[in-house]
Amino acid sequence: MSDELSGYYDPYPHPPLSAPLCVIGMAGAEAHTIAYQLASMTGQPLVELDAQVAHQAGCSLASLYEQRGPGAWRALELRELKRALTSGRPSIISLGDGALLSQEARSLRQKHARLICIERPLREL
């Protein structure tokens, strides 16, 4: 350690991530808020998967669902999940509550990232 840093204490160190962290929870469990806080704490980029899907679709998620159906939504969601997981830089990925419905999505997540599942008692949702 150099002399100029000796005695330096960082009260908010950014722990290094070796792999992306996926955050998921039921609607109302505040998984997106927790993902945002984790990104702030670690200094890692935040990927909001639903926002990425809407951006790539060029419309809102509701419009995507109505105009192209749930299959198109899930296919685009899987493509964006692959992109986020294989970008080469660890990040915090906020998943929609149905993002891991397919076996392919679960396998990708298991291979490339750790999972944090936010649980809340139903009476609190």
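User: Before we start, contact here means heavy atoms within 4.5 Å. Which residues does R68 touch, not counting residues up to four places away in sequence?

Analyst: Happy to help! This is a predicted model, where local features need pLDDT of at least 70, side-chain atom pairs count only at pLDDT 80 or more, and totals for chains, interfaces and linings use all residues. Residues are numbered from 1 along each chain as its sequence is written, and side-chain values use heavy atoms, with hydrogens and water left out. With neighbours up to four places away set aside, R68 touches A57, C59 and S63.

User: Thanks! Is W73 buried or exposed?

Analyst: Buried means under 20% relative accessible area, exposed over 50%, and partly exposed in between (1.4 Å probe, protein chains only). Y65 comes out at 45%, so Y65 is partly exposed. The relative accessibility of W73 is 18%, so W73 counts as buried.

User: What kind of aromatic pair do Y65 and W73 form?

Analyst: Rings of Phe, Tyr and Trp (its six-membered ring) pair if their centres lie within 6.5 Å; planes under 30 degrees apart count as stacked, over 60 as edge-to-face and the rest as tilted. Searching the whole structure gives one aromatic pair. For Y65 and W73, the centres are 5.9 Å apart and the planes make 85 degrees, which is edge-to-face.

User: Which residue lies over the face of W73?

Analyst: A charge sits over a ring if NZ of Lys or CZ of Arg is within 6 Å of the ring centre and within 35 degrees of the ring normal. At 5.2 Å from the ring centre of W73, the residue over its face is R74.
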